[in-house]
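Q: I'm new to this protein and would like a close look at one small part of it. Please start with a pair of strands and work outwards from there.

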Amino acid sequence: MTTEQNVRNVLHMITGHYDHSTSLQAARAARAPSPGRRLQAAAPASPGAMPDWAIGHGVQALGLGEKETCGIVGTDIVLKIYVDKKLPSAKLDKPVPKTVSVGGMTVYTDVVEVGKVHLHGNTQRIRPALPGFSVSRANDGPNTGTFGLVVNKQGQPSPQYLLSNWHAIAAAGQASKGDIIIQPGTADNGSAETDRIGILSDWVPMDFTPNSTQNLVDAAIAQLDPGAASAAIALLGIPTGVNNQLSRGMYVQKVGRTTSLSVARITDVDLVLNPSYPTPTGPKQVTLRDQVLVTFYSAPGDSGSGVLDMNNNVVGLHVGGSDVVGFFCKIQNVLDILGLEVVTQDKTGAPSASQ
């Protein structure tokens, strides 16, 4: 019988991915681990060339688990190859082998049909509305961002506000105070008539001057209608507090409209970048400073997601990214500039999905 760790080692040698289980356990155990522990948690397995059968037509994913035979789950741990449709080996140019040998270890394989894998997101209507779900202005169409967090004005427990990105709910500065905010957003078939949760209240404008030193955040708030939203972030719950001690190698998590719950590792806490924003005369670059770069964890529609550490402390507000990285602005900058506090107690009941 092959041990589970041997199969995991082979999986990582093939894919070159991190051992997420070990990494996340270490991150949860210590928010600011010692350099030695952080290195141990974050070190990737030795990558190898992906074999032809692993990237062939129909392969959706690789993993590990118990061997299944005729629907019966056994006890042997094997390398799982998830495909959209199982076909006879004779019909495949690159069939999955019965065993795989890497680094002196040999493990058995098991091909499992799972259908074609697609991205799922938090796009439905839900009441009370939850951070992590789709939102937009009612007169944006089609558009959507993510309900990031519930916040208060400093020292004022009510009213409460929805926090998201300036470009997600304030039309990158082309909106007006009082514009209706809806959940879900217009791209997810939301409308002012049925899906209002609040009104646009304030935002931090961008300075488009080349190499400006003024742009630290991409943030806007909307005053929530009474009882319209919960402070509990979907899948994560109510934030514990705020953490301003960010460091390279630290793990963070976010729940977004498009990619839902995902985890990333901070790689830079001193980022200065020049993304393009829409303006009435066309896209223009702005200089964003004091940003945080992370490994890939997002997709379009996730803009405005609250970013938390592994102890559920808020660390930032997600802004954007590429196919391989993401970036967020630091939460303390957002709170200081807009005069806000993160809500860490909930006053609403349990949410329920409604169409």
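Which residue in S18 is the bridge partner of Leu271? And what surrounds that spot?

A: The partner you're after is Gln291, which sits opposite Leu271 in S18. Before going further, keep in mind that this is a predicted model, where local features need pLDDT of at least 70, side-chain atom pairs count only at pLDDT 80 or more, and totals for chains, interfaces and linings use all residues. Residues are numbered from 1 along each chain as its sequence is written, and side-chain values use heavy atoms, with hydrogens and water left out.

Now zoom in on the two strands involved. S15 covers residues 260-273, S18 covers residues 288-295, and they pair in the antiparallel sense over 4 bridges. Strands here are DSSP runs of E with at least two residues, helices are runs of H or I with at least four, and both are numbered from the N terminus. Two strands count as paired if DSSP finds at least two bridges between them. Leu271 with Gln291 is one of the matches you can look up; another is Asp268, whose bridge partner in S18 is Leu293.

Stay on Gln291 for a moment, since it links up with another strand too. In S21, the bridge partner of Gln291 is Cys329. That strand runs over residues 325-330 and is joined to S18 by 5 bridges, again antiparallel. So if you start at Leu271, you can step to Gln291 and then on to Cys329.

Next, go back to S15 and look at its other listed partner. S14 takes up residues 251-256 and pairs with S15 in the antiparallel sense over 6 bridges. A hairpin of 3 residues takes the chain from S14 into S15. Try finding Tyr251 in S14 and following it across: its bridge partner in S15 is Arg265. While you're at that end, check Ser260, which belongs to S15. Its phi is near 55 degrees, a positive value in a residue other than glycine. Most residues other than glycine have a negative phi, and most peptide bonds are trans.

That brings us to two peptide bonds elsewhere in the chain. The bond from Arg127 to Pro128 is cis, with omega near -5 degrees. Pro128 has its place in the loop between strand S5 (126-127) and S6. The second cis bond joins Ser158 and Pro159, where omega is about -5 degrees. Pro159, for its part, is found in strand S9.

Both S6 and S9 belong to an open sheet of 8 strands, with antiparallel pairing. Going across it, the order is S7-S6-S10-S11-S12-S9-S8-S22. The edges are held by S7 (145-146) and S22 (340-342), and each has a single partner strand, so one side of each is left without a neighbour in the sheet. At the S7 end, the partner is S6 (residues 134-137), paired in the antiparallel sense over 2 bridges. To see that pairing residue by residue, begin at Ser134: its bridge partner in S7 is Thr146.

At the S22 end, there's a helix to look for. H6 (residues 331-338) lies across S8 (149-153), S9 (156-164), S11 (196-203), S12 (220-224) and S22. It runs at about 140 degrees to S22. Such angles go from 0 to 180 degrees between N-to-C directions of axes, which are lines fitted to C-alpha atoms, for helices over the stretch in contact. Pro159, with its cis bond to Ser158, is in S9, one of the strands that H6 lies across.

Finally, how confident is the prediction? The protein averages a pLDDT of 83, and 84% of the residues score at least 70. That score is the predictor's confidence in each residue, from 0 to 100. Over residues 17-48, though, the pLDDT is below 50. Beyond near neighbours in sequence, that stretch has 45 contacts in the model, where a contact means heavy atoms within 4.5 Å.

To retrace the part you asked about: S14 leads through its hairpin into S15, S15 pairs with S18, and S18 is joined to S21.
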